[in-house]
Amino acid sequence: MDFSTLPREAFTLSNVTVLAPDGTLQQGAKLSVNGDTIAQASGGPALDMGGRMVLPAFVDMHTHLDKGHIWGRSPNPDGTFMGALSTVSEDRAARWSAEDVRTRMAFALRCAYAHGTRAIRTHLDSIPPQAEISFPVFRELRADWAGKIDLQAACLVGIDHVNKDTYAATAQLVADSGGVLGAVAYPVPDLAAKLDIIFKLADQHGLDVDFHADETEDPASACLRAIAEAKLRHRFEGKVVVGHCCSLAQQAEAEADETMDVVAKADLNIVSLPLCNLYLQDRHSPHTPRWRGVTLVHEMAARGINVSFASDNTRDPFYAYGDLDMIEVMREATRIAHLDHVSHPWATAFAANPARACGFATPSLAPGAPADFILVNARTLNELYARPQADRIVVRAGQQIDRTLPAYAELDPLMEAHP
């Protein structure tokens with residue numbers, strides 16, 4: 001029987017392997033769809049799927065939709081972190097109009113939707129005047145994509161731009177947009193004071209917080225611990241996410257252990273970005289890289305810290321590749337961070353964990369949940385990770401969607417050289 005097309009009415013997928021929210025695999029299961037909901041029974045035809053796996057829709061909790069797809073006009077000159085910073089800064093100043101940002105963000109969302117993602121948090125570069133351009137565009141896209149992809153936005157500025165005036169105005173804009181307060185944390189002399197400003201403003205506006213931190217191989221960079229201590233100091237009750245945390249893996253074991261203990265006490269949520277960090281970290285041409293760039297995910301998980309993985313950048317100077325495909329992130333994270341051969345249910349790190357960290361609805365395959373899932377031609381995790389699953393079927397609101405990806409040629413008008 002041809003399984004490339006599912007019925008448009010009620011149906012039951014029998015003999016499927018279900019990836020449950022707790023990361024366990026349930027073999028020989030049934031999944032019934034009635035309308036836009038997963039049901040106890042459908043009353044429609046039953047299709048024997050031969051053990052094929054069903055995955056809940058993904059949550060991609062750390063992306064940069066506003067930076068995405070500028071590689072064609074602004075490639076990273078040497079693949080380094082500093083090369084990425086300077087190139088993006090120049091491109092932003094010259095090209096990031098509302099139309100430019102909207103077109104590239106919408107393109108990226110179409111890709112993510114086709115691959116099976118239902119919720120995304122994006123960081124938006126917010127150094128003035130960019131915040132006043134990008135946040136209105138975000139609000140428009142959030143409305144346009146309602147019911148397809150739930151969208152959140154976090155402002156992004158370097159920690160040295162955090163002050164009581166300009167950053168306070170940004171915080172107000174974020175609050176008015178229903179967003180998340182954010183910053184890039186790196187060692188500065190007054191780091192604790194800067195963090196105090198962020199947490200006070202977040203508490204004042206009732207906002208969650210999302211940091212980039214320690215995206216470096218320098219073991220002296222210890223912003224993660226400072227963030228955990230600041231959250232405890234302020235008794236902050238909102239959700240706090242910290243991304244990257246690369247330098248933690250370069251620190252002495254005792255120092256890293258102490259930091260992770262404080263992170264666990266502060267109940268921080270950690271997101272690792274293995275594709276981007278593998279690309280940028282330890283790049284010292286012509287030398288071969290000697291480490292993978294990922295943080296200590298296993299040690300954190302062992303302490304009960306909520307750890308997730310996400311896409312990060314897409315076809316921009318920080319990461320030249322990618323397509324907001326969370327199956328690609330799953331496959332590569334498993335290989336890069338050795339998520340196999342362990343008892344920890346790492347499959348939760350791509351849907352349930354990020355939903356918890358960001359406050360999105362937890363993707364579920366239980367009766368009563370929205371019928372949003374991915375059907376793959378794989379029966380085990382090994383088979384899932386062995387191939388890209390380009391022939392996957394994505395079901396949203398009980399209907400199989402058209403997975404045709406947008407052509408890069410659509411972006412050609414934006415790829416002209418800087419004026």
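1. In this predicted model, strand β1 (residues 11-19) pairs with strand β4 (residues 46-48) in the parallel sense, over three bridges. One point at which to inspect this pairing is S14, whose bridge partner in β4 is D48.

2. Strand β5 (residues 53-56) also runs parallel to β1, and two bridges join these strands. Here the residue to look at is T17, which has M53 as its bridge partner in β5.

3. The pairing of β1 with strand β2 (residues 25-34) is antiparallel, and six bridges join them. Within this pairing, Q26 of β2 is the bridge partner of V18. Besides these pairings, β1 is mostly covered, since eight of its nine residues are buried.

4. Turning to helix α4, which spans residues 166-176, the buried residues are Y167, T170, A171, L173 and V174. Viewed down the helix axis, these buried residues fall within an arc of 160 degrees, and they therefore line one face of α4.

5. What lies over the buried residues of α4? The elements that cover them include two helices, α3 (130-144) and α5 (191-205), together with two strands, β8 (150-156) and β9 (181-185). A reader checking the buried face of α4 could thus begin from Y167 or L173, which are among its buried residues, and look for the covering elements, including α3 and β9.

6. Just after α4, the backbone at G178 deserves a separate remark, as this glycine takes a positive phi of about 65 degrees.

Notes:
Residues numbered from 1 in each chain as written. Predicted model: local features only at pLDDT ≥ 70, side-chain atom pairs only at ≥ 80, totals over all residues. Heavy atoms only, no water. Buried < 20%, exposed > 50% of the residue type's maximum accessible area, 1.4 Å probe, protein only. Helix = DSSP H or I, 4+ residues; strand = E, 2+ residues; numbered from the N terminus. Arc of directions from axis to C-beta. Contact = heavy atoms within 4.5 Å. Pairing = 2+ DSSP bridges.
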